[in-house]
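Work through the exercises below with the sequence and the structure open. Each task is followed by a solution in steps.

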Amino acid sequence: MIDQGLEHRSAAVTEMPDELRRDVRLLGSLLGQVIAEQGGEDLLDDVERLRKAVIAARRGETSADEIAAMVSGWEIDRAVQIARAFTCYFHLANLAEEHYRIRSLRRRDTEDAVQRESLAHAVQELGRERVADLVRGLELHPVLTAHPTEARRRAVATAIQRVSHQLTEFNAPERGASERDETQRRLLEEIDLLWRTAQLRNTRLDPLDEVRTAMAAFDETLFRMVPQVYRSLDAALHDGTGKPLARPFIRFGSWIGGDRDGNPNVTAKVTREAIQIQAEHVLTALENACSRIGRTLTASAQFAPASARLRAALDSSVDHHPDLVSELATRSPREPHRQWLLFVAARIAATRRRDLDLAYRGPAELLADLRLAQDSLAESAPRQAYGELQHLIWQVETFGFHLAELEVRQHSQVHAAALEELRAGGPLSERTEEVLATIRVIAWIQDRFGVDACSRYVVSFTRTADDVAAVYELVAHALGGRPLALDVVPLFESGEDLANSTRVLTGMLDIPQIQERLAATGRRMEIMLGYSDSAKELGPAAATLRLYEAQEQLTAWAAAHDVKLRMFHGRGGALGRGGGPANRAVLAQAPGSVAGRFKVTEQGEVIFARYAHMAIARRHMEQVANAVLLASSATVGARTAAAAERFRPLAERVARASEEAYRALTEAPGFPEWFALVSPLEEIGSLRLGSRPARRGLGAPRSLDDLRAIPWVFAWAQTRVNLPGWYGLGTGLAAADSLEELQAAYAEWPLFNALLDNAEMSLAKTDRSIASRYLALGGRDDFTERVLEEYDRTRTLVLRVTGHKRLLENRKVLSRAVQLRDPYVDALSHLQLRALTVLRTGDPSDHERERLSTLLLLSVNGVAAGLQNTG
């Protein structure tokens, strides 16, 4: 094991590009300078001792016991400072890698060859005509959810952004020596501030804090990224300055401020305020964009005369708003298009202020005014018509006045209890009143911002069609017969629910309100598939196949009932919750289930990993769009269907044996209590990661049903076991009759390929030696032995099936990232183990317990930063 790890790490170091190594060394040396200045050279010496020790341990030159003895010898306060140092290092290392990735993307973009997994690549693969046809029905619908796995404080994230800006400035090639010196001084100043910023939150986030956090991604990236993606598609479809062929295909959704399932902090008042915050941000962005374009559109009437329709509109605006239009005419004489767009910007500002005399009633009115200017410019200045103005039109079409559709989610049992009270006719509980208030808020949002702003109601744990009908009955109670455009979306989460999903949908067709919605929407229907709970219940291999089979059955059901079914994929960030590369996940879906439409949750640290920087966000969105187009083509669908038919019996054997092994462990008597002992599960709730409680009910979990999927995965990542991403797969692979058949399935079936590659990533982030020290804390040698044996079995067989000599051999970038971080994650794990061991097996004083808890939580924060996609 040690020799393999050393070989792996040496290869990764060899592959480390010079420019990435340079940035890591620069940031690391500046952090070391800050640590020495603030904590003294002796603190820096201790950090270096631990760093060198964990590297030596990976070479087999020292033992884990020796490292544990070193860590235990420090005062707790000193251990806390060392944990802070390694956490800061991870933030800086992640930043350096992000910058290298951005530079790599830009370099590839300058090459003559079409970039792989881009929109241009999809056009090259499928042909312009086929892509143009597919684009007419193309829908990408990312849904942002709250951040219960984003361990960083917002203040820390902001400090990292400032360091990022200075690093960009430092690496700018045109910088002179004095400018570089000044930038390095500023870089050191920002790293100093990062070191001084508290890593842990003092108060728990409330739902509106989570809304505002998500708005940072919109302000910094999403608003400007969307038209760039459309422009990429348009450039691939045709050249020139004519009318764009690309149509807007991205729509954003949000559960932040709307998801109340198990979160009593999300109320009707919160939902109302959440949509108002969203509207404020998008209207401000639209106003600023329109003002910017208007100010720069200085084309004279002599060279770009206004059309008759635009002149008439300007004349009409003088009648209704003479002072404003007169002022604009004075500032922009003989510049009719500039006058008009500045007038439009003023109307957007009035919409934001709720100045009803000047405000737009909805985005359709704004689009009409923008297209009026575009049509006018198209007659005399087509480049101006289809340039920045087209970008603004795309932004309005994508975001409207609400930014993202706010979706409501609630548990079916809450609805059942509310209806029982209402039917009884007695006094209503506070929870039932809240259910009715939520429905009234949905009606208010539709009146204020339009149906597109809030029209989906997701029902968790949908077991029968009655669970869907219950929502419509509650609507009647809440609104007294007032109409409400509402699509109730059943969420199928458990293995049993997935198997019964088509029966539920058949029952839904008998609900009058569903019939009305099908007629109104062109027979469109949406259902949601839950990845987190199914994986927690069945294990990764069985859940993957069960979800695939459910998609096959749902696709066939939709075709039989003439329904355009959109499947909403409830994927988490971690591999144990349906995570992994989104584009590969799309290609692994059942044939016919995508059909040009892909809706998925974007959650936790994944939001900022994918959307914090423009180049990375654009690349991610193009990769997903590319995959949706390819998955929707008949050729790819036929190839996938053939592979699925051939390898289905094999997959079923693997899944069956895998599920049996997984359930034998997780359903064994004493397992939940053991899990709570070997992991920092109890303490994770103190991190104040989000507004939602970590479990249903109080106290230690009596069963896994008490525990939400997010802390289940997050806690296993902290132990360096990553069990939800691979456990049971080894037993499943061992049950197969033929290694050659497994290898063929890996090569030919995207689903099986993604399953093994994701497991390989989880295995690569597992450290057997350190994991065994965590597992020993539970005092159950039988559980420990079972977990480690399954790890060895899974690792061996995954390598045999993939043909790799080492984990992640074929994914150099990811392999380098994992292996170069591993020793530093090891350091934090040893610090965490010290705290956890005393808290679990010792008898610390109250003061010592408090300090140990701080050490543990800091290490949790740092391990999350080092491993990434942990939840």
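In strand 5, Val459 is the bridge partner of Gln410. The model is predicted: local features need pLDDT of at least 70, side-chain atom pairs count only at pLDDT 80 or more, and totals for chains, interfaces and linings use all residues. Residues are numbered from 1 along each chain as its sequence is written, and side-chain values use heavy atoms, with hydrogens and water left out.

**Exercise 1. The strand that holds Gln410**

Task: Find how strand 4 and strand 5 pair, and state which way the side chains of strand 4 point.

Solution.
- Step 1. Helices (H or I, at least four residues) and strands (E, at least two) are DSSP runs, numbered from the N terminus. Two strands pair if DSSP finds at least two bridges between them.
- Step 2. Strand 4 (residues 408–411) and strand 5 (residues 456–460) are joined by four bridges in the parallel sense.
- Step 3. In a regular strand the side chains alternate between the two faces of the sheet.
- Step 4. From strand 4, Val408 and Gln410 point one way, while Arg409 and His411 point the other way. All of them are buried, which means under 20% relative accessible area, with exposed over 50% and partly exposed in between (1.4 Å probe, protein chains only).

**Exercise 2. The sheet and its strand 9**

Task: Give the strand order of the open sheet of nine strands, then describe the surroundings of strand 9.

Solution.
- Step 1. The order is 3-2-1-9-8-7-6-5-4, and the pairing is parallel. Strand 3 (405–406) and strand 4 are the edge strands, each pairing on one side only.
- Step 2. Six bridges pair strand 1 (residues 139–144) with strand 9 (residues 597–602) in the parallel sense. Glu139 stands opposite Arg597, and Leu140 stands opposite Phe598.
- Step 3. Strand 8 (residues 564–570) runs parallel to strand 9 and is joined to it by two bridges. Lys599 in strand 9 is the bridge partner of Phe568.
- Step 4. Arg597, Lys599 and Thr601 point one way from strand 9, and Phe598, Val600 and Glu602 point the other way. Six of the six residues of strand 9 are buried, so the strand is largely enclosed by the rest of the structure.

**Exercise 3. Positive phi in the loops**

Task: Decide whether Asp562 is buried or exposed, and find where Ala595 lies.

Solution.
- Step 1. Asp562 lies in the loop between helix 25 (540–560) and strand 8. Its phi is near 55 degrees, a positive value in a residue other than glycine.
- Step 2. Asp562 counts as exposed because its relative accessible area is 54%.
- Step 3. Ala595 lies in the loop between helix 26 (582–587) and strand 9. Although Ala595 is not a glycine, it has a positive phi of about 50 degrees.
- Step 4. With a relative accessible area of 38%, Ala595 is partly exposed.

**Exercise 4. Cores and cysteines**

Task: Name the residues that touch the most other members of the largest nonpolar core, and report the result of a disulfide search.

Solution.
- Step 1. A nonpolar core is a set of buried Ala, Val, Leu, Ile, Met, Phe, Trp, Tyr and Cys residues joined through side-chain atoms within 4.5 Å.
- Step 2. The largest such core has 149 residues, and Leu370 and Met525 touch the most other members. Helix 10 (residues 207–237) supplies the largest share of this core, 15 residues.
- Step 3. Another core, of 137 residues, lies apart from it and includes Leu26, Ala715, Leu808 and Val825.
- Step 4. Not counting residues up to four places away in sequence, Leu370 touches Cys290, Leu341, Val344, Leu389, Leu392, Ile393 and Val396; contact means heavy atoms within 4.5 Å.
- Step 5. Cys290 is buried at 0% relative accessibility, and Cys454 is buried at 1%.
- Step 6. The whole structure contains zero disulfides, a disulfide being a pair of cysteine sulfur atoms within 2.5 Å.

**Exercise 5. A buried serine**

Task: Place Ser658 in its helix and list what it touches.

Solution.
- Step 1. Ser658 belongs to helix 29 (residues 634–666). Its relative accessible area is 0%, so Ser658 is buried.
- Step 2. Residues up to four places away in sequence are left out; Ser658 then touches Ala541, Ala542, Tyr727, Gly728, Leu729 and Gly732.
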